[in-house]
Amino acid sequence: LALAQAQAQAAEEALATLELRAPFDGVICSLEVRIGEWVTPGVPIIQLGNLAKLRVETTDLSEIDAARIHPQDNVLVTFDALPGLTVQGTVLRVGNKSAASSGVNYTTVILLDTIPDNLRWGMTAFVDM
């Protein structure tokens, strides 16, 4: 009986190591694995997002604009999918190095003051000073 209990406990502990737990509450936005499929360590299998804290990340800020925009600057953000809506935001950071793309562009992160109800991850945004 003791051997069976030890084996059952070992099996439960082994099963617990196979369970993935997220480091924060969120919504699964992309899942790249199926039930029962083996995964390789270090290969992303899921995108988890906290949609209550969406932010805007630009990928096309020119070097001229990057030189004049600073963290804590206030900006206005509009969205293609939400016509007539303007949201205020604050610059969190401007990349120190140009992004790997065509031209000399910098990644900039904007924190939104409010998150519109219909805003979704990946929607197109425009940022104005």
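Which residues is valine 77 in contact with, leaving aside its neighbours within four places in sequence? Keep valine 77 selected and add Val56, Leu85, Thr86, Val87, Ile110, Leu112, Ala125, Phe126 and Val127, since these are the residues in contact with valine 77. The model on screen is a predicted one.

**Stop 1: the nonpolar core**

Valine 77 also belongs to a wider group. Together with Phe79 and Leu112, Val77 has the most contacts inside the largest nonpolar core, which holds 16 residues. To see where this core comes from, colour strand 3, strand 4, strand 5 (86-94) and strand 6, each of which supplies at least two of its residues. As a general point, nonpolar side chains in soluble globular proteins tend to be buried together.

**Stop 2: the two faces of strand 4**

Select strand 4 (74-79) and show its side chains. They alternate along the strand. Val75, Val77 and Phe79 point to one face and are buried. Asn74, Leu76 and Thr78 point to the other face and are not buried.

**Stop 3: the partners of strand 4**

Add strand 5 to the selection. Strand 4 and strand 5 run antiparallel and are paired over five bridges. One place to look is valine 75, whose bridge partner in strand 5 is glycine 89. The two strands form a hairpin, with six residues between them. In the turn of this hairpin, select glycine 84, which has a positive phi of about 85°.

Now add strand 7 (125-128). Strand 7 is antiparallel to strand 4, and four bridges join the two. Here the residue to pick is leucine 76, which has aspartate 128 of strand 7 as its bridge partner.

**Stop 4: on to strand 6**

Go back to strand 5 and select strand 6 (105-112) beside it. Strand 5 and strand 6 are also an antiparallel pair, with five bridges between them. Glycine 89 comes up again at this stop: its bridge partner in strand 6 is leucine 112. Leu112 was among the residues with the most contacts inside the core.

Next, pick threonine 108, also in strand 6. Is threonine 108 buried or exposed? Its relative accessibility is 4%, so threonine 108 counts as buried; the cut-off for buried is under 20%. Leaving aside neighbours within four places in sequence, threonine 108 is in contact with Val56, Glu57, Thr58, Leu61, Val91, Arg93 and Val94.

**Stop 5: the largest pocket**

Show the pockets. The largest pocket has a volume of about 680 Å³. It is lined by 33 residues, and those closest to its centre are Val56, Glu57, Thr58, Ala125 and Val127. Strand 3 (55-62), helix 2 (63-68), strand 4, strand 6 and strand 7 each give two or more residues to the lining. Strand 3 makes the largest contribution, with eight residues. By type, the lining has 17 nonpolar, eight polar and eight charged residues.

**Stop 6: the second largest pocket**

The second largest pocket holds about 580 Å³ of space. Of its 18 lining residues, select Leu18, Leu20, Val33, Val39 and Ile45, which are the closest to its centre. This lining consists of 13 nonpolar, two polar and three charged residues.

Val39 can serve as one end of a distance check. Put the other end on alanine 8, in helix 1 (residues 2-17). The C-alpha atoms of alanine 8 and valine 39 are 25 Å apart, with the two residues 31 places apart along the chain. Alanine 8 has 38% relative accessibility and therefore counts as partly exposed.

**Stop 7: helix 2 and the loop after it**

Select aspartate 65 in helix 2. Its relative accessibility is 25%, so aspartate 65 counts as partly exposed. Draw a second distance, from aspartate 65 to methionine 129: their C-alpha atoms are separated by 9.9 Å, although the residues are 64 apart along the chain.

The last residue to pick is glutamine 72, in the loop between helix 2 and strand 4. What is the sign of the phi of glutamine 72? Glutamine 72 has a positive phi of about 80°, although it is not a glycine. Most residues other than glycine have a negative phi. Glutamine 72 counts as exposed because its relative accessibility is 59%, and the cut-off for exposed is over 50%.

Conventions
Residues are numbered from 1 along each chain as its sequence is written. This is a predicted model: local features need pLDDT of at least 70, side-chain atom pairs count only at pLDDT 80 or more; totals for chains, interfaces and linings use all residues. Side-chain values use heavy atoms; hydrogens and water are left out. On a 1 Å grid over the protein atoms alone, a cavity is a set of points where a 1.4 Å probe fits but cannot get out, and a pocket is an open set with protein on both sides within 12 Å along at least five of seven lines; lining residues have an atom within 4 Å of a point. Grid points are joined across faces, edges and corners, and a volume is the space filled by probe spheres set on the points. Ala, Val, Leu, Ile, Met, Phe, Trp, Tyr, Cys and Pro count as nonpolar, Asp, Glu, Lys and Arg as charged, and the others, Gly among them, as polar. A nonpolar core is a set of buried Ala, Val, Leu, Ile, Met, Phe, Trp, Tyr and Cys residues joined through side-chain atoms within 4.5 Å. Buried means under 20% relative accessible area, exposed over 50%, partly exposed in between (1.4 Å probe, protein chains only). Contact means heavy atoms within 4.5 Å. Two strands pair if DSSP finds at least two bridges between them.
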